[in-house]
Amino acid sequence: MSNLRELCKGLPLHPLPENKGRRDGLPHAPVRTPNLSPKEEQLALKNALRYFPPEVHKLLAPEFAQELKLYGHIYMYRFCPDIEMRAYPIENYPCKTKSAAAIMHMIMNNLDPSVAQFPQELVTYGGNGQVFSNWAQFRLVMSYLSEMTEEQTLVMYSGHPLGLFPSSPSAPRLVITNGMVIPNYSSRMEYEKLFAMGVTMYGQMTAGSYCYIGPQGIVHGTVLTVLNAGRRYLGVEDLSGKVFVTSGLGGMSGAQAKASVIAGCVGVIAEVDKTALLKRYQQGWLMEVTDSLDHCIKRLREARKKKMPLSLGYHGNVVDLWERLVYELDTTGELLVDLGSDQTSCHNPFNGGYYPVQLSFQEANQLMATDPAKFQDLVRESLKRHVAAINRLSEKSFFFWDYGNAFLLEAQRAGADVMKKGGNKTEFRYPSYVQHIMGDIFSLGFGPFRWVCTSGDPQDLVTTDQLATSVLEEAIKRGEPRLLKLEGTQEHRMSELGATLEHLCIGVKDSVKQQYADNIRWIQEAGKHKLVVGSQARILYSDQKGRIAIAVAINQGIAQGIIKAPVVLSRDHHDVSGTDSPFRETSNIYDGSAFCADMAVQNFVGDAFRGATWVALHNGGGVGWGEVINGGFGLVLDGTKEAEQRARMMLSWDVSNGVARRCWSGNKKAYEIICQTMEENPKLNITLPYDVLDETILEKALRC
C-alpha cells in the first residue's frame, strides 16, 4: 500500500531516482530506426524534457539523447518504478473513486512482466502495442487517477495525459485516443518519426486502452476459430489427430499452444525468440519444446497416430518448418498438416514483427538496427518462401487462413503469390478468418466479451464463471434457473440471486445455441487449464442478450455480497462493432464500405454517453498502423442500480451498432437479428435495406 502511495505522488524529483537503464533478465523491444533529422532529434528531446522542471534538464538531456540514439525512442528508464508491477486488489489503490482504482488495476496488469511482452518499454503485446510512450506518462497518469473525483475526466492524447477536466458523474472518467494522425500522414514511415518524437503512439487494441487480460483472450478466440475451421474445412466436430501448424509464442500469439490442446488437436508452433518460447513452457502453456526439426516431425507423427492432444513448441523459424512439411510431402507422399495459420506480428514486419528465415534471431536484431534496407529485403524474400511452401501444401487437403495479423497483406506487398483471381482488393488466395470462420459469429452479434474481478481473489472469478454458465444454460433451455451450490451463507445469497436469474432468461434461436454451448464448454475448460495470467479475468464470446444478462447477474452478485469488489466489463476491440478493418473485422462486408470507419468512431462516441467508465479510439491494431480504426471501453460494475442501467444501455448499443451495419451491407443473418431486436425493443428503429432482386435493372441503367 505504501509503495502504491509513493507511486501515485507523481514524478519523483527530490531526489531523482537512480538510472538503472535496461534491466537484465527481461525481454526488450527491438531497436527502432526512425531516421530523424537533426531538427527532429532536437524536437524529440525537447518534448521529453517538457515533463520536467528546468533544474533537472542538464542531467536528463544527455541521458534521454543517449536513449534516442541507442534505442530509437526515449523510454525514460530512470523513471521505471521499482515496485512489483501487477494488478493489486482494488482497495489497495489510494483513490477517491472506485472507477479510478479500477483503471489503475487494469493499467498495472498491462505492464505486469508475466503479461507484457516488453514491460520496460511499456509494450503489452504485438511487438509495439504501447500502454504509454514513456515512464513519465505512466507516473503522471497514476497521480491524476489518485486525485480524480466523480466530476472529472482524464483526457489522454496518445499516451500523454492532457489533464483532468470538469465533467459529470455520468460522463466517462477517462477518454483515450491513440494514433489519431491526419489520414494523408498515417504512413508507417511517418509513424516511426512521430513515435520517436513522442507525439503519437501505437496502442494496438487493448494495450493502449488498458483492457488486456493476458493471452487468455486470444486463447478463447483461437479455440473457437480452430473448432469452427474443423467444422467448415474438415467437416468434423472432433479434431483428435488433426494437426494445426502456426507461428508465434510471444504476446497474443502465445495463446495458440493452449488453444490447440483445448480444441483437442496437435498444435505445432514455431517461435524464433527462445525467451518467449521458454516463458510459455514455464507457464505451462506449452507441453513440449524442441529445436530439432527431425524431433518435431517425429513427435507430430506420433501424436497424430495416437490422436493425442499436443502442444509442441519448435524453437526455429516457421519458414523452415513449412518447408520441411513440403519436403515430407514430396518425398513420402504424406501430408502431415491439416490446418494452418500465422500469428507473427506481421503488421510490423520490419521492426521485429517478422524474422526472416535467412538469419538467426540475434543476427536479425543486429541487421534490423544497422542496415534496415537490407533487413527489409530479406523479410520480403522470406515472406515469398513462406507463401510458396503454404501454396504447395494447399494443393492437397490442407487449409490455411489469415489470422488478421496482416500476413497476407504484407506477403502480397512483398510480391508473394497470394492474390485471388477475380477477387476484390480485400480478398486473397486464402481467406481471412473473419471471412470464412468467424464472420457469421459477428453477424449474429457474438464477440469477445470479458470481465475482470478487481478484488484479485480467484474465488470471485469462480463465482462469476458460475453466474455466466447459469445465464447461458438458461438461455438454451428456457427452464427454471439452476441455483448454484455454494457453501455457507454464500449459498443463501446465491439463492436470493436465483430470483434475478429467472428474470434474465433469454430466448435464443437454434442458430446461436451452438455458440452458447461452445462458451459453456469454454468456461469449464478454462478453469481446468488455469488460463489466468495476471488479473483475475475471463473472456467468452456472447451476443447482446447474453452480455447484458451476464452483466446484470454479476452486478447483482456484487450487490448481494457474493462477489467481494467491483468488476470491470470490457471486450477486445476485435468485436462486432468496435473495429473497421478491411483486411480483418470488416473483410466480409462487400457493399464497398469496408474501408470506411464510421462504425468504430460512432461506437466510441456512443459508448461514452451511454455509460462507459472509459472509452478508447485507436489508429492501428492487429493489421497495423493506417490499416484500421478501432475502439474499446471499460465499464465498472459496483452493485448499484445505476451500474445496471449503464450496462443495459451501453452493451445494447455496443453490439447492435455493428449488427445494424452488417444488416445494411446485405448480411441476411444480421438482418434477422436486427428485426428480432426491433420487435423486442420499441425504441429501436433501424433503416432496413431492400434487396435488388433483378440485377438486369442495374445493367440496363448503366448502359443508358
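**View 1. Domains of the predicted model.** In this predicted model, the domain assignment divides the protein into domain 1 (4–197), domain 2 (215–433) and domain 3, the last of which is given as two segments, 442–483 + 510–695. The centres of domain 1 and domain 3, taken over C-alpha atoms, are separated by 29 Å, and between these domains 27 residues of domain 1 are in contact with 24 residues of domain 3.

**View 2. An open sheet of six parallel strands.** The strands follow the order E8-E9-E7-E6-E10-E11, and their pairing is parallel. Strand E8 (288–290) and strand E11 (399–400) stand at the edges with a single partner strand each, so one side of each is left without a neighbour in the sheet. At the E11 edge, two bridges join E11 to strand E10 (residues 339–340) in a parallel run, and Leu339 stands opposite Phe399 of E11.

**View 3. Helix H11 across the sheet.** Helix H11, comprising residues 318–332, lies across strand E6 (243–247), strand E7 (266–271), strand E9 (310–315), E10 and E11, and runs at about 145° to E6.

**View 4. Helix H23 and its start.** Helix H23 (residues 668–680) has 13 residues, which at 1.5 Å a residue should span 18 Å, and the distance of 19 Å between its end C-alpha atoms agrees with this expectation. At the start of H23, a side-chain oxygen of Asn667 reaches to within 3.0 Å of the backbone nitrogen of Lys669. The buried residues of the helix are Ala670, Ile673, Ile674, Gln676, Thr677 and Met678.

Note on methods
Residues are numbered from 1 along each chain as its sequence is written. This is a predicted model: local features need pLDDT of at least 70, side-chain atom pairs count only at pLDDT 80 or more; totals for chains, interfaces and linings use all residues. Side-chain values use heavy atoms; hydrogens and water are left out. Helices (H or I, at least four residues) and strands (E, at least two) are DSSP runs, numbered from the N terminus. The expected span of a helix is 1.5 Å times one less than its number of residues. Buried means under 20% relative accessible area, exposed over 50%, partly exposed in between (1.4 Å probe, protein chains only). A polar contact is a pair of N or O atoms within 3.5 Å; within protein, one must be able to donate a hydrogen and the other to accept it, and residues adjacent in sequence count only if both atoms are side-chain atoms. Two strands pair if DSSP finds at least two bridges between them. Contact means heavy atoms within 4.5 Å. Axes are lines fitted to C-alpha atoms, for helices over the stretch in contact, and angles run from 0 to 180 degrees between N-to-C directions. Domain bounds come from an automatic or database domain assignment.
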